[in-house]
Amino acid sequence: MQAAFLLSFDPSPCATIRSMPADDPTDLPVAATNLFTSADVIAILWERGWLASEPTPEQFAWCEHAAAILGGHAADRGALADLLGLVFHYDAREIISRVESHAVLSRYAGRDVIRQMGLLLLDGVPLTSDRFKEIVTALKGGLELRGRELFHPIRLSLAGRAGEGELDRIILLLDEAAELSFAVPVKSARTRILEFCATLD
């Protein structure tokens with residue numbers, strides 16, 4: 001069985017690679033060659049108006065993380081900008097109004113996943129990779145769900161799309177970015193899930 005790895009999101013400038021069981025759906029496999037650096041992320045942030053001044057050391061470190069985590073999942077610069085857009089733009093009402101979102105929410109236990117996750121995120125503990133794994137484990141145990149039935153509602157409510165594993169990487173960037181003074185404030189995972197649940201109800 002092929003090993004899978006997860007880039008841990010930590011406050012140090014260098015992400016570390018941690019081995020995880022390959023049959024865990026939260027695994028984020030080793031990506032293709034990463035063609036992007038922090039300079040590419042910073043340039044995109046400037047172009048999109050998400051950064052209005054020279055990056056602080058903390059913002060620069062975040063951009064390094066974003067390049068490391070997302071770069072291998074972006075085929076070109078436009079795709080990288082699209083992924084970064086999920087960090088800086090979040091509107092629960094707009095997300096829920098999409099046809100594809102209704103498909104996710106109408107599946108068995110889709111709304112239950114979102115509501116239970118909302119309760120788990122109320123404590124305000126930063127959503128690191130370890131914390132994300134804890135939440136997923138709790139949801140698996142409580143709802144007895146696996147695969148897309150579990151992960152699509154999580155990704156939809158936090159990243160704004162119900163897609164593949166690269167969206168889990170978006171989720172891991174949220175709380176760190178929310179602590180930084182970007183030109184466009186980033187909504188934390190807790191803020192997003194509360195907004196999503198309020199709109200859903």
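In this predicted model, helix 1 (residues 38-48) packs against helix 3 (residues 77-88) at an angle of about 65°, and their axes lie 10 Å apart. Because angles of 65 to 115 degrees count as roughly perpendicular, helix 1 is described as roughly perpendicular to helix 3. The crossing of these two helices is right-handed. On the side of helix 1, the residues that take part in the contact are D40, V41, A43, I44, L45, E47 and R48, and they meet R77, L80, A81, L84 and F88 of helix 3. Sorted by character, the residues of this contact comprise eight nonpolar and four charged ones, with no polar residue among them.

Helix 1 also packs against helix 2, here at an angle of about 110° and with the axes 8 Å apart. This angle makes helix 1 roughly perpendicular to helix 2. In this contact S38, V41, I42 and L45 of helix 1 meet F60, W62, C63, E64, A66 and A67 of helix 2, and the residues involved divide into eight nonpolar, one polar and one charged.

The table sets out the two packings.

| Helix pair | Angle | Distance between axes |
|---|---|---|
| Helix 1 and helix 3 | about 65° | 10 Å |
| Helix 1 and helix 2 | about 110° | 8 Å |

One residue of the second contact can be followed in more detail. F60 is found in helix 2, which covers residues 57-70, and, leaving aside residues up to four places away in sequence, F60 touches S38, I42 and P55. Although F60 and I42 are 18 residues apart along the chain, their C-alpha atoms are separated by 7.8 Å. F60 has a relative accessible area of 33%, and is therefore partly exposed.

A109 belongs to another part of the chain, the loop between helix 5 (99-105) and helix 6 (110-120). This residue has a positive phi of about 65°, although A109 is not a glycine. With a relative accessible area of 12%, A109 is buried, because buried means under 20% relative accessible area.

Helix 9 (residues 166-178) allows a simple check of length: at 1.5 Å a residue, its 13 residues should span 18 Å, and the end C-alpha atoms are 19 Å apart, which agrees. Helix 9 is also mostly covered, since ten of its 13 residues are buried. These buried residues are L167, D168, R169, I170, I171, L172, L173, L174, D175 and A177.

Terms used
Residues numbered from 1 in each chain as written. Predicted model: local features only at pLDDT ≥ 70, side-chain atom pairs only at ≥ 80, totals over all residues. Heavy atoms only, no water. Axes fitted to C-alpha atoms, helices over the stretch in contact; angles between N-to-C directions. Helix = DSSP H or I, 4+ residues; strand = E, 2+ residues; numbered from the N terminus. Parallel < 35°, antiparallel > 145°, perpendicular 65-115°, else oblique. Left-handed = near helix turned anticlockwise from the far one by under 90°. Contact = heavy atoms within 4.5 Å. Nonpolar A, V, L, I, M, F, W, Y, C, P; charged D, E, K, R; others polar. Expected span 1.5 Å × (residues − 1). Buried < 20%, exposed > 50% of the residue type's maximum accessible area, 1.4 Å probe, protein only.
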